[in-house]
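Me: Could you take a close look at one part of this structure for me? I would like to hear about the positions that the UniProt record lists as its active site.

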2 protein chains.
Amino acid sequence: MALTLNTKHVKNFIADHELAGMIPQLQAAHDTLKNKTGLGNDFLGWVDLPVDYDKEEFDRILAAAEKIKQDSDVLIVIGIGGSYLGARAAIEFLKSPFYNNLKKDTPDIYFVGNNISPTYLNEVLSICEGRDVSVNIISKSGTTTEPALAFRIFKKYLEDKYGVEEAKKRIYATTDKARGKLKELSDAQGYEEFVVPDDVGGRFSVLTAVGLLPIAVAGADIKALMEGAAKAREDYAVCDIEKNDCYRYAVLRNILYRKGKSVEMLVSYDPAFTMMAEWYKQLYGESEGKDHKGIFPASATFSTDLHSLGQFIQDGSRVMFETVVDIKKPKQDLFIEEDASNFDGLNFLANQNMSLVNRKAFEGTVIAHEEGGVPNIILEVPEMNEQELGYLIYFFEKACAISGYMLGINPFDQPGVEAYKKNMFALLGKPGYEDMQEELLKKLD
Amino acid sequence: MALTLNTKHVKNFIADHELAGMIPQLQAAHDTLKNKTGLGNDFLGWVDLPVDYDKEEFDRILAAAEKIKQDSDVLIVIGIGGSYLGARAAIEFLKSPFYNNLKKDTPDIYFVGNNISPTYLNEVLSICEGRDVSVNIISKSGTTTEPALAFRIFKKYLEDKYGVEEAKKRIYATTDKARGKLKELSDAQGYEEFVVPDDVGGRFSVLTAVGLLPIAVAGADIKALMEGAAKAREDYAVCDIEKNDCYRYAVLRNILYRKGKSVEMLVSYDPAFTMMAEWYKQLYGESEGKDHKGIFPASATFSTDLHSLGQFIQDGSRVMFETVVDIKKPKQDLFIEEDASNFDGLNFLANQNMSLVNRKAFEGTVIAHEEGGVPNIILEVPEMNEQELGYLIYFFEKACAISGYMLGINPFDQPGVEAYKKNMFALLGKPGYEDMQEELLKKLD
């Protein structure tokens, strides 16, 4: 098991001495992270989380998931950012992007509170009609606008449908351990509660209750997920660029950035990875995109997007590099049969598995893009199971922290996310923001 | 009705004389397009398509859509690139991203043949179990690997399920009018046939049978869609930057590109627009991304992605500008009720529609991003119906052509898409590609 970094197709863009030149910085980033002396060092809970987590809570998560599986046709997960992307990405990766369309013995799972679209919310409400519903509200403060609004609506929905007492048993709150509006309400109502740890930022929270409860409801083995992450934690502890793929990836992307590559495209050849790329975009964009620095994180799913962004990657502005997640074994395969008439001329593909065609598309593309001037970093992932996903999640998290320290920023804050919120509150007339309103209205005029 | 360009939040980044300085180039691009004297002038069929289309075929599309609605629970649309994105984007925009999950009186629609994932194809096959199925295969040549493979499998699936004769009546082929493997097969089998016009490239083909049949099956009014496009064709015929929003948009994005903005983010505040942004990414990426030039097209759906890419946009590398699609009226609204306990502190939002909150998020974000140094071009779209969508599609298509001519490239070819295909064929041992294989294998070793 375990991910392997393949750097064959980036070697033509980076000389060996460039890697050597980065080692002192890598060592410094490693020490900073390990000794907890760097920017944002209050948010390093994710580092040891795969081994150092609350086992009692973990068992309660499993029990809650079982109850939800028993008494619900639909689980509504309410959250935004890190309280949305990790769980959804893991479920699509482990189960399917068609999870809600497939026949299965686990509840459908819909994510709300990650936008302010009334159409979207109405549609999910209509999907719930006539079905048994539970809700997992995930919010540290309980006052983030998007999830709070959605929860207000779904709380009332459950109370109208089941009565106040039964509704309380169908609401699961993942929130701060001690403070906040949602914590107060949960205590008062007696909701089953889970904790968003203080020292784990939203985008690093998928392996806490934030991600684990929805993932468990989907029928995935969250114990194996944690084990995979724990193995990565061990494997990536050593500060040796030859032995530590995670660190080598962090170094390579910093070198490419300093050579003028301003966009990283995270690419896969399986549609089930698409939401994982969205998770990666938050992790890296929010961690590194500050102080007017950072690699812009983009993504694509091939071969779909070879017929959309493929032209640009092959021959457009030379601003990017690709990081390709190469999944060695798909969850299912499909044998291509020969057709006697060969009406489509495809018999040259017959008598083999479709996964082989996908593999040759990958290999052909890597060569083509490299020759087009796009460095390709390849992450080889053996298969799509819980262990490998846990491992991959930890790989990306630790590489992000090390990469961010090498960039010279605080990988764990997100001051820029507040700007739009403040303006929105002022424009909505929220108490305390009155002073800003007039000035903002002028800017819109 | 009709889209309006709002340039208030880009004015601080572009002086008036810069616009004036572009007018000769704009005029040249306009003349080149109008007189059909430019690069790629064999592919200008989309320009007059909204009025100059085959009315007999249009009626057959409507009739086929009715038949499919009558006799099918599921329509499988097989296509990739322009034979996939436009239809899917339009259906999500006009109906819903939850289209397949909602109760309705039209068939579910699944898109296959846009990737080489065996898992994906198996899952869609399992979703078809026990349901009545029709297939729309969309391929000009019939030999593009992804759709051809998927069609081979679904053709056999239909034949096994219904027998050869009934299967023929459930297959609709959108292909070349005269040539190619799929045309030959369709003639031989007597499939209902529709035409991919010779002078309309894939990414410009959504308003041909390529897009129209699936869109009509979803229950959308394709006549109104064409009328909207026809209105845009009229409105955008005049070469006057003051009167022509489409041309002004093309000029603005070229100015921003030349000032060093290398990424355009197409943003909306409605999840139903997300796939339209994917369509835009093909249209612009494939049209402009060549000769080592072009703006990298990215996208985001807010407020979802304000909690992922928001930090980067607000304060990361200053490489981007945003083009925001501001939909004035959502398809549905939702009234926010007061809660006596105000448990979440959200009563300041109560007694108004949720769409207003979304609007204030938009306004607050535009100001915040502008102040963060990100130019914001705003496209105001009155509502989400067929007319407006047709108008918007034509807006993007014509702006793309004009923009591409100003950039100095051929907006209508895609030579870079062939590179990976050739390598893939060689690696798969396709007859005729044997010479390349050995060399490629060395590069992978």
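Reply: Happy to; here is a walk through those positions, followed by a short visit to the nonpolar core. Please keep in mind that this is a predicted model.

Under "active site", the unreviewed UniProt entry lists Glu286(A) and Lys421(A). Both Glu286(A) and Lys421(A) belong to the lining of the largest pocket.

Let's start with Glu286(A), which sits in helix 12 of chain A, a helix covering residues 274–288. Its relative accessible area is 5%, so Glu286(A) counts as buried. Setting aside residues up to four places away in sequence, Glu286(A) touches Arg203(A), Lys281(A), Asp413(A), Gln414(A) and Val417(A), and from chain B it touches His307(B), Ser308(B) and Gln311(B). With one of these, Arg203(A), there is a polar contact between the two side chains, at 3.1 Å.

Lys421(A) is found in helix 16 of chain A, residues 418–427. Its relative accessibility is 16%, and because buried means under 20%, Lys421(A) is buried too.

Now for the core. The largest nonpolar core has 129 residues, and the members touching the most others are Ile76(A), Phe154(A), Ile76(B) and Phe154(B). Helix 6 of chain A, residues 145–162, contributes the most to this core, with 9 residues. Looking past neighbours within four places in sequence, Ile76(A) is in contact with Phe154(A), and its other partners include Tyr110(A), Val112(A), Val124(A), Cys128(A), Val133(A) and Val135(A). Ser134(A) and Asn136(A) are also among the contacts of Ile76(A).

Technical notes: Residues are numbered from 1 along each chain as its sequence is written. Chains are lettered from A and ligands numbered from 1 in the order in which they are written. This is a predicted model: local features need pLDDT of at least 70, side-chain atom pairs count only at pLDDT 80 or more; totals for chains, interfaces and linings use all residues. Side-chain values use heavy atoms; hydrogens and water are left out. A nonpolar core is a set of buried Ala, Val, Leu, Ile, Met, Phe, Trp, Tyr and Cys residues joined through side-chain atoms within 4.5 Å. Buried means under 20% relative accessible area, exposed over 50%, partly exposed in between (1.4 Å probe, protein chains only). Helices (H or I, at least four residues) and strands (E, at least two) are DSSP runs, numbered from the N terminus. Contact means heavy atoms within 4.5 Å. UniProt positions are given in the numbering used here, feature names are shortened, and annotations may be inferred rather than shown by experiment. On a 1 Å grid over the protein atoms alone, a cavity is a set of points where a 1.4 Å probe fits but cannot get out, and a pocket is an open set with protein on both sides within 12 Å along at least five of seven lines; lining residues have an atom within 4 Å of a point. A polar contact is a pair of N or O atoms within 3.5 Å; within protein, one must be able to donate a hydrogen and the other to accept it, and residues adjacent in sequence count only if both atoms are side-chain atoms.
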